Structure formats: C-alpha cells, structure tokens
Amino acid sequence: MSTLDFSTTLGNAWFPTPTFTASGCASSGRELAQFFDLASIGGVVTKSIMSKARSGRPTPRMAETPSGMLNSIGLQGPGLDAFLAKDIPYLVEQKARIIVSIAGETVEEYSTLARKLRAVSGISALEVNISCPNVENRGLVFACDPEASRRVIDGVRRTIGGELPIIAKLSPDVTDLVSIARGVVDAGADALALINTVLGMVINLDTMRPHLGGKTGGLSGPAIRPIAVRAVYQVHAAMPQVPILAMGGISNGRDALEMIAAGASGVSIGTASFGNPMAIIAVQDELKALLTAKGFNSLRQAIGYAHRPESE
Ligand code: SIN
C-alpha cells in the first residue's frame, strides 16, 4: 500500500490531494458529481462569479482548434446572491472543499464580492480572476496591467482581512509575467493560479468573418500546456515560496507531474473534463502512481524538482 503524502497547501488552506477542477469548466460541480464524489478531489474551483447575473457574450461561444478549443463565454453567471443561495449550500452538502473564483469589471466590484464572501463559511480560498476587462480603463484586462492587478488584490486583501487565502489568477498574455506575479504577491496574494487561457481567434471561411460571436476567445487544452509549464517554471524560479495552482492542458498524470516539477503545488483540470468527465480522477490516480514509482514519499518533495541542479 502506498504511503505517499499526497496533501498540499495553498496559503493556509490544506487539501488532501493536489487536483482541482479548473474555474469555468464545471460551473459549481453539479454535472461532475454524477460521475464522482466531489469530496474525493482536492477541491472545486467555481466558475468566476460576478456581482450581478450576466448573460455573457453572443453565440457562437466555442470553437474547436488543433489540440485545443477557444471559448468566449463572457463570464455568464447567476450573480453572487443566487450563487450564495444555491451553489455554496450544495457544495457544502457534498463536503467539497471550495475555492470561490471572483471576477469584476472594476476594482470596487472585486472588493464588494470579497466583502460579501468574507462571512460565508465553508470556503477554503478565493481565486481572484483578474483576466477580465477593466471598464474604468478602456477595457484593458486587469491582469495585463501591473498597477490595476496590484490594486485589485490590495482591495480584496484589505476587505477580507488575513484569514482566507487569496489565489490571484494571471493571464499569460503579458510580456513579463514574473513582474505581474511579484506585484500581486506584494499586494497580498498568498498563491497564484497559472495560467488563464491564451487569447486567440478563428475565422470562419464560409462567412469570411470571425467565428466567435465575441470575435476573440480564450485558447485552452493541450495546445497551451508548454506555455503553462514555462509560466509556472519562471514564476517558481523567481518566487519559490509562493504556491502555484497550475492549469493549461493537463489531461493525464504525466502532464500534472510536469507542472509539479516546474513548481506547482496543485493542478486544475478543465478542458479535458469536457471529453472525459472522469479526467480529474484519472489525473489524480496517475499522478499518485507516478510519484510513488519515482520514489517520492510526498508530493512536496516533487514540487519544483526541475529547478534542482543536475548533480542532485
Ligand atoms: C469566460 O467566461 O469568458 C471565461 C473567463 C476567463 O477566461 O477567465
């Protein structure tokens, strides 16, 4: 029997396994609960929630691409009040560990969401998804603007106090990811989620126009995995003490181990769940078997292994 310690931490939140859903790919977990016990994975990262109900971008919202897919959902969701009334009680009843993802159009909206979530019990951590357009600054995405990123995280940290861990979700669509990461950590983020989707576009050759209703969309799936591995590696090299939740094209245990070796403390599985709702369970089992086969006694020993000198 394996004696591997598979647990991990993100800030002061402890999880028995390092495998999570990826925000946006499983809503609040209901669909996946038909296939496996939500309490058996590290945790459910919810779809990013905004203050008000939102219908999202026009259709079509998805496009298949080689080794990936583009989505342009536009943060469709029920709004915070409905989410608190329906989704949190459901997840608590399932005994799932919950990471609530929040998104806003203004710095103030993030703080308002944090204020309302501060008093909610059963939440392990907040994912602050700053890959959204800032309506106060010509629609520039917060995560592509170091000062706006810092202000969002600073506002959320001041609002929720010191207890609940903040995981800042960053966009890879920047020139210097490490400096954005440093800025949000200095502003109070305990951990980082790397990476959000990569901005892309598909032209429909029948209409000779952009295929997606929103024109651009976020590329996910195996096509972006090397970008995610690079991002995790670079940020871990600069800030090895900051836990990273890695996502971007993980669909088996080997992909997950690559992220762990690059410096991730946990992994999220998103796009792979669309083809196989049990993908997260397969990743979990395969990662555990791989760590054991390689002689690790704990997940922790493998985190950032790729940074060690060859001689070790
Ligand atoms: C969406 O709902 O459009 C996706 C949001 C995101 O990628 O953060």
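**Exercise 1. A bridge from loop to helix**

Classify arginine 30 by its relative accessibility, then do likewise for its salt-bridge partner, aspartate 87, in this predicted model.

*Solution.*
- Step 1. Arginine 30 has a relative accessibility of 37%. Partly exposed covers the range between the 20% limit for buried and the 50% limit for exposed, so arginine 30 counts as partly exposed.
- Step 2. Aspartate 87 stands at 11% relative accessibility and therefore counts as buried.
- Step 3. The two side chains meet in a salt bridge, N to O at 2.9 Å. Arginine 30 sits in the loop between strand 3 (19–21) and strand 4 (44–45), whereas aspartate 87 belongs to helix 1 (residues 80–93), so the pair ties together parts 57 residues apart in sequence.

**Exercise 2. Two further pairs**

How many salt bridges does the structure hold, and which parts do the pairs arginine 157–aspartate 190 and aspartate 255–arginine 225 tie together?

*Solution.*
- Step 1. The total is eight salt bridges.
- Step 2. Arginine 157 and aspartate 190 meet through their side chains at 2.4 Å, N to O. Helix 3 (residues 146–160) carries arginine 157, and aspartate 190 lies in the loop between helix 4 (177–186) and strand 10 (191–194), so parts 33 residues apart in sequence are tied together.
- Step 3. Check the accessibility of this pair. Arginine 157 is buried at 16% relative accessible area, while aspartate 190 is partly exposed at 29%.
- Step 4. Aspartate 255 bridges to arginine 225, with 3.4 Å between the closest N and O atoms. Aspartate 255 is in helix 6 (residues 253–262) and arginine 225 in helix 5 (residues 225–238), so this pair ties together parts 30 residues apart in sequence.
- Step 5. Aspartate 255 is buried, at 6% relative accessible area. Shared partners join Arg225, Asp255 and Glu258 into one salt-bridge network.

**Exercise 3. The open sheet**

Give the strand order of the antiparallel open sheet and name its edge strands.

*Solution.*
- Step 1. Four strands make up this sheet, ordered 5-6-14-11, and they pair antiparallel.
- Step 2. Strand 5 (62–65) and strand 11 (198–201) each pair on one side only, which means they are the edges.
- Step 3. Neighbouring strands are turned by 35° against each other on average, direction ignored.
- Step 4. Take one pairing. Strand 6 (residues 68–71) and strand 14 (residues 216–220) run antiparallel and are joined by three bridges. Methionine 69 has serine 220 of strand 14 as its bridge partner.
- Step 5. Go back to strand 11, which holds methionine 201. This methionine is partly exposed at 45% relative accessibility. Together with Ile203, Leu205 and Met208, Met201 makes a nonpolar surface patch of about 440 Å².

**Exercise 4. Strand 7 in its surroundings**

Is strand 7 enclosed or open to the outside, and with which strands does it pair?

*Solution.*
- Step 1. Count the buried residues. In strand 7 (residues 98–102) this holds for five of the five, so the strand is largely enclosed by the rest of the structure.
- Step 2. Sort the side chains by face. Side chains in a regular strand alternate between the two faces of the sheet. Here Ile98, Val100 and Ile102 are on one side, Ile99 and Ser101 on the other; all are buried, and both faces are covered.
- Step 3. Find the partners. Strand 4 pairs with strand 7 in the parallel sense over two bridges. Strand 8 (residues 123–129) also pairs with strand 7 in the parallel sense, over five bridges.
- Step 4. Place isoleucine 98. Valine 44 stands opposite it, and so does isoleucine 123 of strand 8.
- Step 5. Follow the chain. Strand 7, helix 2 (residues 107–118) and strand 8 form a right-handed β-α-β unit.

**Exercise 5. Backbone exceptions**

Where are the cis peptide bonds from threonine 59 and leucine 194, and what is the sign of phi at serine 27 and serine 67?

*Solution.*
- Step 1. Recall the norm. Most residues other than glycine have a negative phi, and most peptide bonds are trans.
- Step 2. The bond from threonine 59 to proline 60 is cis, with omega near -5°. Proline 60 is in the loop between strand 4 and strand 5.
- Step 3. The bond from leucine 194 to isoleucine 195 is cis too, with omega near 10°. Isoleucine 195 is in the loop between strand 10 and strand 11.
- Step 4. Serine 27 has a positive phi of about 45°. Its place is the loop between strand 3 and strand 4, and it is partly exposed at 39% relative accessible area.
- Step 5. Serine 67 has a positive phi near 55°. It lies in the loop between strand 5 and strand 6.

Definitions and conventions: Residues numbered from 1 in each chain as written. Predicted model: local features only at pLDDT ≥ 70, side-chain atom pairs only at ≥ 80, totals over all residues. Heavy atoms only, no water. Salt bridge = Lys/Arg side-chain N within 4 Å of Asp/Glu carboxyl O. Buried < 20%, exposed > 50% of the residue type's maximum accessible area, 1.4 Å probe, protein only. Axes fitted to C-alpha atoms, helices over the stretch in contact; angles between N-to-C directions. Patch = residues over 30% accessible without salt bridge, like charges linked within 9 Å, V, L, I, M, F, W, Y side chains within 5 Å. Areas by Shrake-Rupley, 256 points an atom, 1.4 Å probe, with all protein chains shown as cover. Right-handed = clockwise from strand over helix to strand, strands pointing away.
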